[in-house]
Amino acid sequence: MSEAETQLGSEQLARQIAETALDRKAQEVVVLDMRGVVSYTDFFVIATGNTERQTRAIADAIHQRLKDSGDERLLPERVEGQTEGRWILMDYLDCVVHIFTAPARDYYRLETLWGEVPALEVG
């Protein structure tokens with residue numbers, strides 16, 4: 001697969017994840033284009049849930065939608081924070097998903113940390 005096809009595929013993955021989060025009523029969904037900035041991923045998808053229960057539901061919906069696609073590459077390499085639900089991290093290699101409660105998102109401020117990174121328009 002060429003680099004252009006890989007990048008297009010990772011952008012499509014990021015958009016699909018963002019769309020799924022929005023379908024589950026996630027707030028402030030942002031997709032940051034990390035290509036050329038870090039070597040470990042192409043995109044960050046950042047979303048906020050109103051409660052720990054909602055963050056878990058968003059993560060579950062993302063996992064299920066990608067799993068149902070039948071593409072084994074769309075299973076996360078790892079998932080962290082699912083039990084507590086304040087900050088759930090899902091690592092799909094080309095795309096890293098961060099699902100926060102509002103207080104956790106305010107505390108970690110990933111958008112501020114990566115402020116110079118371009119964002120894709122979603123939903």
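**Close-ups of salt bridges and a strand hairpin pair**

Glu 19 sits at 41% relative accessibility, so it counts as partly exposed. That residue opens the first of several views of this predicted model.

**View 1. Glu 19 reaches across to Arg 65.** The two side chains form a salt bridge, and their closest N and O atoms are 3.1 Å apart. This one ties together distant parts of the chain: Glu 19 belongs to helix α1 and Arg 65 to helix α2 (residues 52-68), with 46 residues separating them. How accessible is the Arg 65 end? Arg 65 has 29% relative accessibility, so it too goes down as partly exposed.

**View 2. Arg 15 pairs with Glu 11 within a helix.** Here the closest N and O atoms of the salt bridge are 3.2 Å apart. Both residues lie in helix α1 (residues 3-23), four residues apart, which is about one turn of the helix. Arg 15 is partly exposed, at 33% relative accessibility. A word of care about the start of this helix: residues 1-8 have pLDDT under 50, and the model gives them four contacts beyond four places in sequence.

**View 3. Asp 91 and Arg 78 meet between two strands.** Their salt bridge has its closest N and O atoms 3.3 Å apart. Asp 91 is in strand β4 (residues 87-91) and Arg 78 is in strand β3 (residues 78-80), so to speak two distant parts of the chain, 13 residues apart. Which of the two is buried and which is partly exposed? Asp 91 is the buried one, with a relative accessible area of 12%, while Arg 78 is partly exposed at 41%. Shared partners also build a network elsewhere: salt bridges join Glu 11, Arg 15, Asp 33 and Arg 35 into one. By the rule used here, the count comes to seven salt bridges.

**View 4. The β3-β4 hairpin frames that pair.** β3 and β4 run antiparallel and are joined by three bridges. Arg 78 has Asp 91 as its bridge partner in β4, and the two also share the salt bridge of the previous view. Six residues lie between the strands of this hairpin, where Gly 81 takes a positive phi near 85°.

**View 5. On the other side of the story, β4 pairs with β5.** Strand β5 (residues 95-101) runs antiparallel to β4, with five bridges joining them. One place to look is Ile 88, whose bridge partner in β5 is Ile 99. The β4-β5 hairpin has three residues between its strands, and Leu 93 in the turn has a positive phi of about 65°. Four of the five residues of β4 are buried, so the strand is largely enclosed by the rest of the structure.

**View 6. Zooming out to the whole chain.** There are four helices and six strands, and from the N terminus they run α-β-β-α-β-β-β-α-α-β. The C-alpha trace spans about 40 × 35 × 25 Å along its principal axes. The radius of gyration is 13 Å, which agrees with the value near 14 Å for a compact globule of 123 residues. Of those 123 residues, 41% count as buried. Among contacts between residues at least 6 apart in sequence, 60% join residues at least 24 apart. The chain exposes about 7,100 Å², with carbon and sulfur atoms supplying 47% of it. As for confidence, pLDDT averages 91 over the chain, and 93% of the residues score at least 70.

Terms used: Residues are numbered from 1 along each chain as its sequence is written. This is a predicted model: local features need pLDDT of at least 70, side-chain atom pairs count only at pLDDT 80 or more; totals for chains, interfaces and linings use all residues. Side-chain values use heavy atoms; hydrogens and water are left out. pLDDT is the predictor's confidence in each residue, from 0 to 100. Contact means heavy atoms within 4.5 Å. A salt bridge is a side-chain nitrogen of Lys or Arg within 4 Å of a carboxyl oxygen of Asp or Glu. Buried means under 20% relative accessible area, exposed over 50%, partly exposed in between (1.4 Å probe, protein chains only). The radius of gyration is taken over C-alpha atoms; the globule rule is 2.2 Å times the number of residues to the power 0.38. Accessible areas come from the Shrake-Rupley method with a 1.4 Å probe; for residues, only the protein chains shown count as cover. Two strands pair if DSSP finds at least two bridges between them.
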